[in-house]
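The following questions and answers ask how certain descriptions of a structure are justified. Each answer sets a value beside the definition that applies.

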Amino acid sequence: MNSSRRRFFRTLSAAAFWIDARVRGADQPRSNFIIRSARPEDFEMPLDGFLTSITPNERFFVRTHVYTPQVNLPQWQLRVEGEVQNPLSLSMDELKKLPAAELTAVLECAGNGRAFYKPTVPGLQWRYGGVGNARWTGVRLADVLKKAGVKSSGQEVLFNGADVPLAAMPDFIRTVPLAKALHPETLLAFEMNGRPLPASHGFPLRLIVPGWAGDNWVKWVTNIQLLDKEYDGFWMKTGYRHPLHAVAPGTAVDPAQMTPVTSLGPKSVIATPIDGQGIASGSVTMRGAAWSGESPVARVDVSTDNGRSWRAARLDSDHGRYSWRLWEASWTPPSTGSHVLMARATDQSGQTQPLSQEWNPSGYLWNVVQQVRVDIGTPSPAAAEARTPAPAFPENLKQSCVGCHGEDMISGQKLTRAQWERELDKMVRWGATVQPADRSAIVDFLARHFGR
Ligand SMILES: Nc1nc2c(c(=O)[nH]1)N[C@H]1C(S)=C(S)[C@@H](COP(=O)(O)O)O[C@H]1N2
Ligand SMILES: [Mo]
């Protein structure tokens, strides 16, 4: 086949695949979310989600690298192999014979808050709601591993799910060190808030790694493999890494100089009032949620004077060390005009939220103290998040990109020309077809319309 015919068929089969997958994956009402990407599904929880101690399944943020796989439960098997004495192949009924385990835990995407990094970084531009808090029911991973009998050579535990990569994109595979895998609160969950896992959250089985960032919480798990070392794949050796030392903002960093993202840090979000809101005089109640990584939240302090003074917020009941805590604090504004409100979580290990944060190339683990500016005396709703309408995409760009993902994946970002070039090169490595003659026009378009 000549290359334009091949390109046509490749786009066609990718498009046929996504239409099918989109229908199958659509188990979440889109109106509940801020849609960061319509396909694959990347849905953010709006700020009012931080007013509820348990996030309902249909409001729980969704992060999918590719399309939601359809799993046929009667045929489904969990395989456990590699450095084990007895390789296993378990049906769901067999898995459920192990003792049940349950816990409430925060699941937060490593990239939550990425939109706040300056200079901007590539990737989905999550603001606050790439996070949720749910009750997870399943079995202990340690019990499954004991059943398989881990050999002394087993060091890392690899997880692969049923999702299928698009084109030449690397399969989403993660490893967790054996010590964390054997932790009694690391689970293989089949229920979320008392119901079977929804398809978009990993039906029928996902990994729960309490206190650790969401990339470790592999969905649709079908394969577990004990390895004698960390896996070499893209999502361990290039993706989800954090610099070992401070790096110059905006630069590319060698993955060898970075280490895998593991634990979350302390973080609080102010759900109300909202930044930019005008409020009549009188008493104001600040409300939100706070969580941390492996150490539980010890306190939340609020400031209503631009960070000059702090006082303790009231914490609500505790759903366990990995759950978020709702908090509130009342405030009587001393004067009309503009005021800056802040909330700062501290965990039991003494870690507290920073007022500013070192830049990192993928924009991971943002936990800077949030600032909410309110205007006292002039009631008005806060302005909605502004989304400038995207320009029409040129045909060559559509041909290369939208077979696999929507235009919103591109138009949500603001990157320099050099960053767009790196993104385009990555996509070509992952199977996108870009005609050499089109490349510079495509980069020009991206840098002009979606530049910093
Ligand atoms: N198999 C598989 N598991 C996955 C992913 C994925 O794309 N494929 N995304 C990961 C990432 S980056 C995050 S943040 C969480 C999101 O989980 P949720 O969609 O249930 O909120 O799932 C993780 N598990
Ligand atoms: Mo993530």
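Q: In which loop does Ala 167 lie?
A: Ala 167 lies in the loop between β8 (156-161) and β9 (173-177). Strands here are DSSP runs of E with at least two residues, and helices are runs of H or I with at least four residues, numbered from the N terminus. The model is a predicted one, in which local features need pLDDT of at least 70, side-chain atom pairs count only at pLDDT 80 or more, and totals for chains, interfaces and linings use all residues. Residues are numbered from 1 along each chain as its sequence is written, chains are lettered from A and ligands numbered from 1 in the order in which they are written, and side-chain values use heavy atoms, with hydrogens and water left out.

Q: What makes the phi of Ala 167 notable?
A: Most residues other than glycine have a negative phi. Ala 167 is not a glycine, yet its phi is positive, at about 45°. Trp 220 likewise has a positive phi, of about 55°, and is placed in the loop between β12 (206-208) and β13 (221-227).

Q: Which peptide bond leading to Pro 119 is cis?
A: The bond that joins Lys 118 and Pro 119 is cis, with omega about -5°. Most peptide bonds are trans. Pro 119 is in the loop between β6 (100-108) and β7 (131-140).

Q: Why are α8 and α9 called oblique to each other?
A: Helix α8 (residues 417-429) and helix α9 (residues 436-449) pack at about 130°. Angles under 35 degrees count as roughly parallel, over 145 as roughly antiparallel, 65 to 115 as roughly perpendicular and the rest as oblique. The two helices are therefore oblique.

Q: Which residues of α8 make the contact with α9?
A: Arg 417, Trp 420, Glu 421, Leu 424 and Asp 425 of α8 do so, where contact means heavy atoms within 4.5 Å.

Q: How do you know that Lys 219 makes a polar contact with ligand 1?
A: A polar contact is a pair of N or O atoms within 3.5 Å; within protein, one must be able to donate a hydrogen and the other to accept it, and residues adjacent in sequence count only if both atoms are side-chain atoms. An N or O atom in the side chain of Lys 219 is 2.5 Å from an oxygen atom of ligand 1, so this pair meets the definition.

Technical notes
Axes fitted to C-alpha atoms, helices over the stretch in contact; angles between N-to-C directions.
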